[in-house]
Amino acid sequence: MTKKITSISNPKVRLEVLSQEDVQRIHGATLELIERTGVRFPLPRALDIWEAHGASVDRESMVVNAPGALIEEALSNAPSAYALAAREPAQDLPLDGNHVFVGTDGCGVHLLDMETGTLRRSCLQDVADIARVADNLPEIAFHWVPVSAQDYPPETRGLHELLAVWRNSTKHVQTESIYSSHEARAALEMAAAIAGGREALRKRPVLSIMQCTLPPLGQDGGSLEAALIAAEAGLPVGFMTMTSCASTGPATMAGTLAVGNAEVISALALIQLAYPGTPVYYAAAQTAMDLRSGAYTGGGPEDFLFGAATNALADFYDIPLSMGSFATGAKEPDWQAGIENSLSTLMASAAMSDMLLGVGLLDGSRIWSYEQMLLDCEIFRIVRKMIEGIRVTDETLALDVVDAVGPGGHFLTQKHTRRHLDDLWVHRYMDRRPYEEWEEKGDRATDWARAEARRILQTHQPTPLEPQLEAELEQIIAATESVVL
């Protein structure tokens, strides 16, 4: 049975960390960086596109200096709203500025084994199992490939991962692991087969593409080529900056925002110059360098502020946002994971970021944990309840009910109470038992989350692909492998 997807919409609580003047100054600084300092585009086709539209191109360094007016004109062609399609149309996701959807993240390379509790390398079966659990959870609206199928060759690994997700879920897939031309063409062919043809895919994109920039002020050639192939077919395309204060960005947050913004909007402008009107989205997972180790942190106050600030920039350009959230730097589902994932999700949700990523990942997106996946869904349910705010109407004020109960009574037997019980949040993994019971049983939230993940894997049967379609997808992968392996 198809489960209705849970999202945040019509919020009562909103957050603003940048004023309109702040946003304008960051935008102006960004255009100055693109025009004066330039952004590296290491792909001849991309350089040709820029040059054809009047940008200054240095073929040797592959750095493009584009005037601000060209960037603004190109971005004005991007649609402000569109839908991400799913295999099951009831699970389509409207990216309209009034919904916050949550997805898994990628691409972890290790997994905390549910049976042994030990850390091991991830494989294709893990991709399939995680997709099946996510398919059952209404809080998870779409998939990223959560872990790497390291038992398959790198040249076609992304294709096997896509097929594993489609076999085990009817929800939308947004891949971050397709970054070569041969994989992009094969993935496009697979998506078209699922959608019912190229034109059907253009109308209902069951696949969207996300690529990472190369901070500071750089792009990846293979990613650009894959993005252009996807955009030509009408698939939504996004670029994610992962600039880090004091390492790949300035030590100041405003400077890091400007650098990351230059990376993203220059790439999106390229897509619009090549294929005006193609659906695109802004993506970001900025952080601050850990001053003790120099590592990517995956959590901290800068991350939380970046989550809200980047949404203000995406709103300014009037395009959807895919925002890094969750994906704690903690090594296990503990107090650190709870703090980092709660605050990052609250900040990004209060700013109404369209897509939030990171469910289930630990150690800065390196380690997958089923327990953390279920606990992250609990966090999102709490945040969703908070963002809804308090509705004040005659019905919710309930003066007639209070009159009926009077001083010293109770509300347990009132029809009004029964009507509104579903309005109240019910915990799944919070421990509210009496102390004596807690002490006697000795179990905890991670035990309950693990048990629920096991139950889903044992009992949930996603809607399967038609055998003929599955055979066609396998054939596409085999044909690609015969060429590149």
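1. Pro 216 sits in the loop that runs between β11 (207-212) and α8 (221-232). In this predicted model, the peptide bond joining Pro 215 and Pro 216 is cis, with omega about 0°. A second cis peptide bond leads from Gly 106 to Cys 107, where omega is near 5°. Cys 107 belongs to the loop between β6 (101-104) and β7 (110-112). Both places deserve a look, because most peptide bonds are trans.

2. Two residues other than glycine have a positive phi. Met 352 has phi near 60° and is placed in the loop between α11 (335-350) and β17 (355-359). Asp 363 has phi near 55° and is placed in the loop between β18 (361-362) and β19 (367-368). Are these residues buried or exposed? Met 352 counts as buried because its relative accessibility is 3%, and Asp 363 is buried as well, at 16%.

3. Helix α3 covers residues 68-75, and its buried residues are Gly 68, Leu 70, Ile 71, Ala 74 and Leu 75. They lie on the same side of α3, because the arc they cover around the axis is only 165°. The face turned away from that buried side carries Ala 69 and Glu 73, which are exposed. The spacing fits the general rule that an α-helix has 3.6 residues a turn, so residues three or four places apart point the same way.

4. What do the buried residues of α3 pack against? Their partners are the helices α1 (20-37), α2 (44-52), α9 (253-274) and α10 (301-317). Ser 76 follows in the loop between α3 and β4 (82-84). Ser 76 counts as exposed, with a relative accessibility of 55%. Its C-alpha atom is separated by 8.6 Å from that of Asp 318, although the two are 242 residues apart along the chain.

5. Thr 2 belongs to the segment before α1 and is partly exposed, with a relative accessible area of 32%. Apart from neighbours within four places in sequence, Thr 2 is in contact with Glu 88 and Gln 91. The C-alpha atoms of Thr 2 and Thr 170 are separated by 8.2 Å, while the residues are 168 apart along the chain.

6. There are four aromatic pairs in the structure. One of them joins Phe 41 and Trp 50: the ring centres are 5.4 Å apart and the planes stand at 65°, so this pair is edge-to-face. Phe 41 is buried at 1% relative accessible area, and Trp 50 also counts as buried, at 1%. Trp 368 and Tyr 370 form an edge-to-face pair too, because their planes are at 85°, with the centres 6.1 Å apart. Trp 368 has 0% relative accessibility and counts as buried; Tyr 370 is buried with 4%.

7. The salt bridges number 24. Among them is the one between the side chains of Arg 36 and Glu 32, at 2.6 Å from N to O. Both residues lie in helix α1, four residues apart, which is about one turn of the helix. Arg 36 is exposed, with a relative accessible area of 58%, whereas Glu 32 is partly exposed, with 41%.

8. Which parts of the chain does the salt bridge of Asp 92 and Arg 204 tie together? The side chains of Asp 92 and Arg 204 meet at 2.6 Å, N to O. Asp 92 is in the loop between β4 and β5 (93-95) and Arg 204 is in the loop between α7 (198-203) and β11, so the pair ties together parts that are 112 residues apart in sequence. Asp 92 is partly exposed at 25%, and Arg 204 is partly exposed at 28%.

9. Asp 443 and Arg 433 form a salt bridge in which the closest N and O atoms are 2.7 Å apart. Asp 443 lies in the loop between α16 (435-441) and α17 (445-459), and Arg 433 in the loop between α15 (415-420) and α16, 10 residues apart. Asp 443 is partly exposed, with 22% relative accessible area, while Arg 433 is buried, with 18%. Elsewhere, a network of salt bridges links Glu 139, Glu 378, Arg 381 and Arg 428.

10. On the surface, Ile 390, Val 392, Leu 397 and Leu 399 form a nonpolar patch, and together they have about 450 Å² of accessible area. Leu 397 is part of helix α13 (residues 394-397) and is partly exposed, with a relative accessible area of 47%.

Conventions: Residues are numbered from 1 along each chain as its sequence is written. This is a predicted model: local features need pLDDT of at least 70, side-chain atom pairs count only at pLDDT 80 or more; totals for chains, interfaces and linings use all residues. Side-chain values use heavy atoms; hydrogens and water are left out. Buried means under 20% relative accessible area, exposed over 50%, partly exposed in between (1.4 Å probe, protein chains only). The arc is that of the directions from the helix axis to the C-beta atoms. Contact means heavy atoms within 4.5 Å. Patches are made of residues with over 30% relative accessible area and no salt bridge: like charges are joined within 9 Å, nonpolar side chains (Val, Leu, Ile, Met, Phe, Trp, Tyr) within 5 Å. Accessible areas come from the Shrake-Rupley method with a 1.4 Å probe; for residues, only the protein chains shown count as cover. A salt bridge is a side-chain nitrogen of Lys or Arg within 4 Å of a carboxyl oxygen of Asp or Glu. Rings of Phe, Tyr and Trp (its six-membered ring) pair if their centres lie within 6.5 Å; planes under 30 degrees apart count as stacked, over 60 as edge-to-face and the rest as tilted.
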